[in-house]
Amino acid sequence: MDAKRAPQDKLACVSKCSQHVFEALSTSNSEPANADDFLSGLVYVVLKANPPRLHSNMQYVIRFGLPHSLMAGESGYYFTNLSCAVAFIEKLDGPALNLSQEEFEGYMLRQRAPSAGKRQRVVSDTQHLLEELQGRQEKLDQGMDSLSVQLQSWVHAVNSQLDEATAQFALVQTEVTAKTESSQVLSSSSHDALLQGDDKDESVLKLMDQHAGPQDTDC
């Protein structure tokens, strides 16, 4: 970046470097990198690379570069993230990293490295957290199994009630059908009996008329 003269060329260097950071993060994570990962990776790259006159080059791009290139588009996004990374590094101190001032200065001067005890404590805390999460997952699985059993029992009970209700309905329907048919048979029998009674009455009247006829003649 420092070797380029034109603002657009310097901005192109920033874009190219940022693209390489994105590619490296995607390769290491086996998935596309997000904005948080990119900013963290860019901070690490700036610290490791320590580009010469970085602040001066950024001010040069801001003052003499095209405004639309810095405020929009891919190059503007990368340059904004670079500005954020530089601002974070400039304001970096011990409290921001949960370190004392002595520890922070020792790390910055490469006079000390993270102690094994601290690493062991981090590993222990992580292991404890994983065990806790595993316990929660097991409880969740047990709850799901219990819920599944209860659901199956409920479905079985509902099916049994439906079968029983269906059987009772069929029985009632059979009884109603039988009563209806019986009523129809009785009604038909009564009608036939009435018809037969009327026929008998007519026959009796005819016989009476026949007997009554000759008697009237004799008189």
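Helices in this tour are DSSP runs of H or I at least four residues long, numbered from the N terminus. With that in mind, the model to open is a predicted one, and the first residue to pick out, Ser15, has its place in helix 1.

**The whole chain**

Before selecting single residues, show the protein chain as a cartoon and follow it from one end to the other: its secondary structure comes to seven helices and zero strands, and read along the sequence it gives the pattern α-α-α-α-α-α-α. If you then switch on a surface, the protein chain exposes about 17200 Å², of which carbon and sulfur atoms supply 57%. Of the 219 residues in the protein chain, buried residues make up 16%. Contacts in the protein chain can also be sorted by how far apart the partners lie in sequence, and among those between residues at least 6 apart, 56% join residues at least 24 apart.

**Helix 1 against helix 2**

Next, select residues 7-29, which form helix 1, together with residues 35-49, which form helix 2, and turn the view until both axes can be followed; these axes come within 10 Å and cross at roughly 115°. Because of that angle, helix 1 is roughly perpendicular to helix 2, and the crossing in which helix 1 passes helix 2 is right-handed.

Now show side chains where the two helices touch: from helix 1, select Cys17, Ser18, Val21, Phe22, Leu25 and Asn29, and from helix 2, select Asp37, Phe38, Gly41, Leu42 and Val45, since these are the residues that meet. Coloured by class, this contact of helix 1 with helix 2 shows seven nonpolar, three polar and one charged residues.

While helix 2 is still on screen, select Ala35, whose place is in that helix. Is Ala35 buried, partly exposed or exposed? With a relative accessible area of 42%, Ala35 is partly exposed, given that the partly exposed class lies between the cut-offs of 20% and 50%. A distance drawn from the C-alpha of Ala35 to the C-alpha of Phe22 should read 9.4 Å, for two residues that are 13 apart in sequence.

**Helix 1 against helix 5**

Keep helix 1 in view, hide helix 2, and add residues 73-90, which form helix 5; helix 1 and helix 5 pack at an angle of about 80°, with their axes 9 Å apart. Helix 1 and helix 5 are therefore roughly perpendicular to each other. To see the contact itself, select Leu11, Val14, Ser15, Ser18, Gln19 and Phe22 in helix 1, and then Glu74, Ser75, Tyr77, Tyr78, Phe79 and Leu82 in helix 5. The residues of the contact of helix 1 with helix 5 divide into seven nonpolar, four polar and one charged.

**Two residues to look at closely**

Return to Ser15, which counts as buried because its relative accessibility is 11% and the cut-off for buried is under 20%. Which residues does Ser15 touch, once those up to four places away in sequence are not counted? Ser15 touches Ser75 and Tyr78.

Finally, move along to Gln19, also found in helix 1, which is partly exposed with a relative accessible area of 33%. Leaving aside neighbours within four places in sequence, Gln19 is in contact with Glu74 and Tyr78. To end the tour, draw a line between the C-alpha atoms of Gln19 and Glu74, which are 55 residues apart along the chain and separated by 10.0 Å.

How values were computed:
Residues are numbered from 1 along each chain as its sequence is written. This is a predicted model: local features need pLDDT of at least 70, side-chain atom pairs count only at pLDDT 80 or more; totals for chains, interfaces and linings use all residues. Side-chain values use heavy atoms; hydrogens and water are left out. Axes are lines fitted to C-alpha atoms, for helices over the stretch in contact, and angles run from 0 to 180 degrees between N-to-C directions. Angles under 35 degrees count as roughly parallel, over 145 as roughly antiparallel, 65 to 115 as roughly perpendicular and the rest as oblique. A crossing is left-handed if the near helix is turned anticlockwise from the far one by less than a right angle, and right-handed if clockwise. Contact means heavy atoms within 4.5 Å. Ala, Val, Leu, Ile, Met, Phe, Trp, Tyr, Cys and Pro count as nonpolar, Asp, Glu, Lys and Arg as charged, and the others, Gly among them, as polar. Buried means under 20% relative accessible area, exposed over 50%, partly exposed in between (1.4 Å probe, protein chains only). Accessible areas come from the Shrake-Rupley method with a 1.4 Å probe; for residues, only the protein chains shown count as cover.
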